[in-house]
Amino acid sequence: MTDQTAGRIVDPGGRSGRADSSEGMSYLDSLPRRLVTLYLPLGIICFVLLFPFYWMALTAIKPDEQLLDLKTYNPLWTWDPTFKHFYKLIFETQYPRWLWNTMFVAMAATTLSIISSVFAAYAIVRLKYKGAQYIGGLIFLAYLVPPSILFIPLSTVVFQYGLFDTPFALILTYPTILIPFSTWLLMGYFKTIPFELEECALIDGASRWQILTKIILPLAIPGLISAFIFCFTLCWNEFIYALTFLSSTQHKTVPVAIVNEFVDGDIYRWGSLMAGALAGSLPLVILYAFFVEHYVSAMTGAVKE
Amino acid sequence: MADIAMRAGAKAPPREPTAWDRLKVNRNWLGFWFMVPAMAFLILFLAYPLVLGVWLSFTDARIGRTGNFVGLENYEWLAEDSNFWLVVFNTVFYTTVASVAKFAIGLYLALLLNERMPFKAMIRALVLIPFIVPTVLSAIAFWWIYDSNFSIVSWGLREMGLIEGNINFLGDVWNARWSVIFANVWRGIPFIAITLLAGLQTVSPSLYEAATIDGASSWQRFRYITYPLLTPIIAVVMTFSVLFTFTDFQLIWVLTRGGPVNATHLMATLSYQRAILGGNLGEGAAISTAMIPFLLAAIMISWFGLQRRTWQQG
């Protein structure tokens, strides 16, 4: 039991299973056969999955005249990259401001959600108060309520509370998407921490608060990182609330601003549009590159429960 | 030394625990306070709006004006509105086709990624990128790929000599439907593939070895080992997938805004258009509320349909 738990804590992906310890039967397949049944389909799927990003990046650095002339220039490559579109983005639009808004809202909403989720998850898993199971189930149900059916009533609520067109409209509503997910994920993590540790601390006279901050949280750091990154990404990704609750240009987040402010009749808009999309995705992709394992464990962790 | 300590302890008789002391270690009392922040958010901004939404659908509320109770009038309006039924058809079609395609390709990709190969971790990381990048931003890339004059897909097919003119991806009714479905499938595959892969990795290879020795073909190995063991994860993943496909908004809003002639309008985009752009909060809320039974049905089908197999075996 303890060994398994330790393995789970060290390896958040939960991939310490038996699958990797054995070669399986793959040695039975010859190379040509693997080429056709494995590498070829995998290559095609990866190509389709990644091509839009290549296309996005290429469009962002192509000069305008090459964008619309598919005959003279090879559209799949360019020899004269330009940063004109990025320049326009930074100095002629409010893009830096939108990027800052997005980051601020995502950070604030994520922090609020993680703090509330830590308390909730700890209470459900360890305090086991009366009805904790039912509350856990209800929180899972809250996960299943999509923002698309909430935004109309929420917009009236936001208006009543006087939050309309302020960042707080998003900071206070995003946790409804994030708390169910992160509570569920952290419950899984807290369950893997041996209860004996807590009993020892209780006997030594620690309060619940000390147990939480000195024992549980340090041990659950991988889980906290997973939850944090995943929530941050979800916030960055959110569109419908940001579209509905914000109206003035300077408060917008990147996804909404790109859709509303860049889309005009200009036939040469594609370059700056793609530059905007690329610049809006890069922070997340960089974050992801550093925490791939945490990311995967967050995604699979919430499903596995 | 220990003797002294004990005597000192005996001198001061332990004081009776007060009600406050007992309350401080009471699980229910502590649990209540630990739950307060999360519950406050969920009740104020989730449960209350959910109820309010149902109430709004029975009123004639408009933006800036609280409505009066009008009973089922909004729903009667919708029932006679042929556009609404077209949108219901679109939504069901979109959800069914996209979910089935996502599941099939996602499972296939998961099976491929479960094989041993070099650079496996890197390939897995790359596959997940469409899921990381915000949907709106990748939808914009698709918008450019689907451009009616400068589409790279049309260009490629033309260069290969497969088509004569450009494909009008988003301008034609059925082309537009298939295009948005493709973009949705593209976006959804990584999530399904990676979560199913996590499930696949818990299946012991010795089961496959034993089956192979008993003469099972690769299809039989999949059908009688992989699939039954994966069912619980498939049920959860598909429930989520169906749910979020059914309520999709971002992709449609960026690519077509519901056009051409409402061919790609989904219930979520229609409710946004009527409630926020048109100002008819009551009618929009009625469309949102009308989604709830569909959603419950979809959840039931994915959940119980896939769970039944395990009940039968159990």
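User: Is the crossing of H2(A) and H6(B) left-handed or right-handed?

Analyst: This is a predicted model, and in it the crossing of H2(A) and H6(B) is left-handed. To place the two, H2 covers residues 31–61 of chain A and H6 covers residues 120–127 of chain B.

User: What angle do H2(A) and H6(B) make, and what is that kind of packing called?

Analyst: The helices pack at about 45°, with axes 10 Å apart. Roughly parallel needs an angle under 35 degrees, and roughly perpendicular runs from 65 to 115. An angle of about 45° sits in neither range, so H2(A) is oblique to H6(B).

User: Which residues meet there?

Analyst: From H2(A) you get A:Cys46, A:Leu49 and A:Leu50, and from H6(B) you get B:Ile123, B:Leu126 and B:Val127. The contact splits into 6 nonpolar residues, no polar and no charged.

User: How do you know how H5(A) and H9(A) are set against each other: parallel, perpendicular or oblique?

Analyst: Run the same check. H5 (residues 95–127 of chain A) and H9 (residues 175–192 of chain A) pack at about 45°, with their axes 7 Å apart. That angle is not under 35 degrees and falls short of the 65 to 115 range, so H5(A) and H9(A) count as oblique. Their crossing is right-handed. The contact has 15 nonpolar, 6 polar and 2 charged residues.

User: Which helix of chain B does H5(A) cross, and at what angle?

Analyst: H5(A) crosses H3(B) at roughly 145°, and the axes come within 8 Å. This crossing is left-handed. On the H5(A) side the residues include A:Phe119, A:Tyr122 and A:Leu127, and they meet H3(B) residues including B:Leu30, B:Phe34 and B:Phe41. The tally for the contact is 12 nonpolar, 3 polar and 1 charged.

User: Which residues touch the most other members of the largest nonpolar core?

Analyst: A:Tyr122 and B:Ile140 do, in a core of 163 residues. Helix H5(A) supplies the largest share of that core, 15 residues.

User: What does A:Tyr122 contact, beyond its neighbours within four places in sequence?

Analyst: A:Tyr122 is in contact with A:Leu127, A:Phe190, A:Leu212 and A:Ile216, and also with B:Phe34 from the other chain.

User: What makes H14(A) count as largely enclosed by the rest of the structure?

Analyst: Count its residues. A residue is buried if 20 or more other C-beta atoms lie within 10 Å of its own. In H14(A), residues 254–261, 6 of the 8 residues are buried, so the helix is largely enclosed. The buried ones are A:Val254, A:Pro255, A:Val256, A:Ala257, A:Ile258 and A:Val259. Their cover includes H5, H13 and H15 of chain A, together with H8 and H13 of chain B.

User: How do you know whether B:Tyr108 is buried, exposed or partly exposed?

Analyst: B:Tyr108 has 16 C-beta neighbours inside 10 Å. Buried takes 20 or more and exposed takes 12 or fewer, so B:Tyr108, with its 16, counts as partly exposed. B:Tyr108 lies in H5 of chain B, residues 82–113. Its C-alpha atom is 9.8 Å from that of B:Leu196, although the two are 88 residues apart along the chain.

User: And how do A:Lys128 and B:Val261 come out, exposed or partly exposed?

Analyst: A:Lys128 has 13 other C-beta atoms within 10 Å, so this residue is partly exposed. B:Val261 has 11 such neighbours, and that fits the limit of 12 or fewer, so B:Val261 counts as exposed.

User: What is the phi of A:Lys128, and what is the phi of B:Val261?

Analyst: Phi is near 45° for A:Lys128, a positive value in a residue other than glycine. For B:Val261, also not a glycine, phi is positive at about 35°. A:Lys128 is in the loop between H5 and H6 of chain A, while B:Val261 is in the loop between H13 and H14 of chain B.

User: How many residues does each chain put into the contact between chains?

Analyst: Chain B gives 79 residues and chain A gives 81. On the chain B side, H3(B) gives the most, with 19 residues. That side divides into 60 nonpolar, 15 polar and 4 charged residues.

Terms used
Residues numbered from 1 in each chain as written. Chains lettered and ligands numbered in written order. Predicted model: local features only at pLDDT ≥ 70, side-chain atom pairs only at ≥ 80, totals over all residues. Core = buried A, V, L, I, M, F, W, Y, C linked by C-beta atoms within 7 Å. Helix = DSSP H or I, 4+ residues; strand = E, 2+ residues; numbered from the N terminus. Contact = placed C-beta atoms within 7 Å. Axes fitted to C-alpha atoms, helices over the stretch in contact; angles between N-to-C directions. Parallel < 35°, antiparallel > 145°, perpendicular 65-115°, else oblique. Left-handed = near helix turned anticlockwise from the far one by under 90°. Nonpolar A, V, L, I, M, F, W, Y, C, P; charged D, E, K, R; others polar.
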